[in-house]
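This report describes residue contacts, nonpolar cores and one helix pair. Please consult the sequence and the model shown here.

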Amino acid sequence: MERQQTLASSSSSSSSSPPAEDAWVDSYLKLLPQWQSLTSSNQQPVIPIAISRVNQVDAGRLDIEMSAMLKEQMVKVFSLMKPGMLFQYEPELDAFLQFLIWRFSIWVDKPTPGNGLMNLRYRDERAIEARGKVRTGLEGPGLTVSQKLWYCVATVGGQYLWARLQSFSAFRRWGDSDQRSLARRGWFLLQRVEGLYRAASFVNVLVFLYSGRYRSLIERLLRARLVYGSPNMNRAVSFEYMNRQLVWNEFSEMLLLLLPLLNSSSMKSFLRPFSKDKSSSSAGDENLCPICQANPSIPFLALPCQHRYCYYCLRTRCSAAPSFRCSRCNEPVVAMQRHGVPVDNLAQKQ
């Protein structure tokens, strides 16, 4: 009985006593790893997205074509001025047009003309990796102010300075052997830098073809990735004009290949029986050369049909085609004779 009373008194005293001051700290430290594991399991991972490489390359080509069109219109404005004056300021003109495209597209968070047609926009890839929680894989902020400025410096200022430096070194002939050692070193340095840049660009192209990210070195250094502006928008390019252009190009190339192989006289001889006006050859003047349609200065007869030709016309056709046929009667020409000379003095065709 006394033991039960002592246990009851001890339990009542322990329940009424407050916990230690650092007890909640110990509990927080024990539950913190479990809470972090729960929050990390509920967080969505970054969704891998694949941007069409063709779209990205086409966007770059369209931007170049747009710049060329603007440059053509700008050159027409100065067409009435002194010839050759605009040529010496061509790098400045290109830089000015590139700056205009950058100012009214990337600087105001809008896509360039080529990117807009291909449904692409620039995204800051660093912010996506820091946040790491997306739904469709296309979310993410645009480029920061520093990225935009560095993009302008690299694309506009860098290309302009490089073009001017190359033209200046070529004009000063730094690469000549009779130049000073300093100029020669500068020339070799330019060649070395250009070679390294081309090699790095080639490696970047290979990586781009494999991964589909960062089509240029500038985009890779700035971590500016091209992603789709809208997940449900198709390419805003019609292939109708492109298909017609490709068909016409192929047809013109085929004609350029086949026309030199065709013999006009043979074609005329082949099509003469199908002609509606069959009396045109007989009604023509028999005294004119049927090839050049002129009065023969040195008349020769084609044997055995004895139609008159110019010597050079007949000789050239017989040398070009051993099986040449007369343009009037379509009979094979086996020999040629000068007009008014006896048959014994025939000039046999080679």
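Tyr-122 is in contact (heavy atoms within 4.5 Å) with several residues more than four places away in sequence, among them Ile-106, Pro-141, Tyr-151, Arg-215 and Leu-226. The model is predicted: local features need pLDDT of at least 70 and side-chain atom pairs pLDDT 80 or more, whereas totals for chains, interfaces and linings use all residues. Residues are numbered from 1 along each chain as its sequence is written, and side-chain values use heavy atoms, without hydrogens or water.

A nonpolar core is a set of buried Ala, Val, Leu, Ile, Met, Phe, Trp, Tyr and Cys residues joined through side-chain atoms within 4.5 Å; buried means under 20% relative accessible area (1.4 Å probe, protein chains only). Tyr-122 is one of the residues touching the most other members of the largest core. The elements below each supply at least two residues of this core; helices (H or I, at least four residues) and strands (E, at least two) are DSSP runs numbered from the N terminus.

| Element | Residues |
|---|---|
| Helix 4 | 90-103 |
| Strand 1 | 120-124 |
| Helix 7 | 145-172 |
| Strand 2 | 224-228 |

A second, separate core of 14 residues includes Leu-314 and Met-336.

Gln-56 lies in helix 3 and is buried, with a relative accessible area of 1%. Its contacts beyond four places in sequence include Ile-51, Leu-120 and Leu-226. A polar atom of the Gln-56 side chain lies 3.1 Å from the backbone oxygen of Gly-212. Together with Arg-53 and Val-57, Gln-56 in helix 3 meets Phe-208, Leu-209, Tyr-210 and Ser-211 in helix 8.

Technical notes: Buried < 20%, exposed > 50% of the residue type's maximum accessible area, 1.4 Å probe, protein only. Polar contact = N/O pair within 3.5 Å; in protein donor to acceptor, adjacent residues only side chain to side chain.
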